Amino acid sequence: MVDSLKKPELKEELRSGVKAPAKDTILTPRFYTTDFDEMAAMDISVNEDELEAILQDLRDDFNRRHCIRGEEFNQSWDWLDD
């Protein structure tokens with residue numbers, strides 16, 4: 001049998017049915033937090049041109065004609081709740 005087709009061996013933690021807790025490392029932290037005050041105070045002026053270009057791409061909506069929008073889509077959607 002080709003080695004790449006062999007069934008991988010089960011780790012002990014999977015065989016026992018008890019999964020070991022995840023390790024907290026720089027690549028796999030247990031949770032993420034966002035400091036919104038710190039983000040609001042960030043100086044993003046050096047990236048202003050790039051950010052404005054991204055926003056313009058979103059406004060232009062290049063995928064506007066990607067989806068088929070039939071008569072069912074082209075109706076008034078005012079009846080939907082906010």
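A helix, as the word is used in these legends, is a DSSP run of H or I that is at least four residues long, with numbering that starts from the N terminus. In this sense, I54 lies in helix α3. The model shown in every view is a predicted one.

**View 1. The whole chain, built from three helices and zero strands.**
Read from the N terminus on, the elements of the protein follow the order α-α-α. Of the 82 residues in the protein, buried residues make up 0%, and the accessible surface comes to about 9100 Å², with 56% of that surface belonging to carbon and sulfur atoms. The average pLDDT of the protein is 76, and 63% of the residues score at least 70. Among the elements, helix α1 (residues 12-15) has the lowest mean pLDDT, at 59, whereas α3 has the highest, at 92.

**View 2. Helix α3, a run of 13 residues.**
From its first C-alpha to its last, helix α3 reaches 18 Å, which is close to the 18 Å expected at 1.5 Å a residue. As a general point that helps in reading this view, an α-helix has 3.6 residues a turn, so residues three or four places apart point the same way.

**View 3. A nonpolar patch of about 830 Å² on the surface.**
The residues that make this patch are F36, M39, M42, I44, L51, I54, L55 and L58. Both α2 (36-40) and α3 supply at least two residues each, but the largest share, four residues, comes from α3. One of the patch residues is I54, the residue placed in helix α3 at the start of these legends.

**View 4. The one salt bridge that the structure holds.**
Here the side chains of R59 and E52 meet, with a distance of 3.0 Å from N to O. Are these two partners buried, exposed or partly exposed? R59 counts as partly exposed because its relative accessibility is 48%, a value that falls between the limits of 20% for buried and 50% for exposed. E52, at 40% relative accessibility, likewise counts as partly exposed.

**View 5. D61, in the segment that comes after α3 (48-60).**
What is notable about the backbone here is the phi of D61, which is positive, at about 50 degrees, although D61 is not a glycine. This positive phi occurs just after α3. With a relative accessible area of 32%, D61 is partly exposed, because buried would require a value under 20% and exposed a value over 50%.

Notes:
Residues are numbered from 1 along each chain as its sequence is written. This is a predicted model: local features need pLDDT of at least 70, side-chain atom pairs count only at pLDDT 80 or more; totals for chains, interfaces and linings use all residues. Side-chain values use heavy atoms; hydrogens and water are left out. Buried means under 20% relative accessible area, exposed over 50%, partly exposed in between (1.4 Å probe, protein chains only). Accessible areas come from the Shrake-Rupley method with a 1.4 Å probe; for residues, only the protein chains shown count as cover. Patches are made of residues with over 30% relative accessible area and no salt bridge: like charges are joined within 9 Å, nonpolar side chains (Val, Leu, Ile, Met, Phe, Trp, Tyr) within 5 Å. A salt bridge is a side-chain nitrogen of Lys or Arg within 4 Å of a carboxyl oxygen of Asp or Glu. The expected span of a helix is 1.5 Å times one less than its number of residues. pLDDT is the predictor's confidence in each residue, from 0 to 100.
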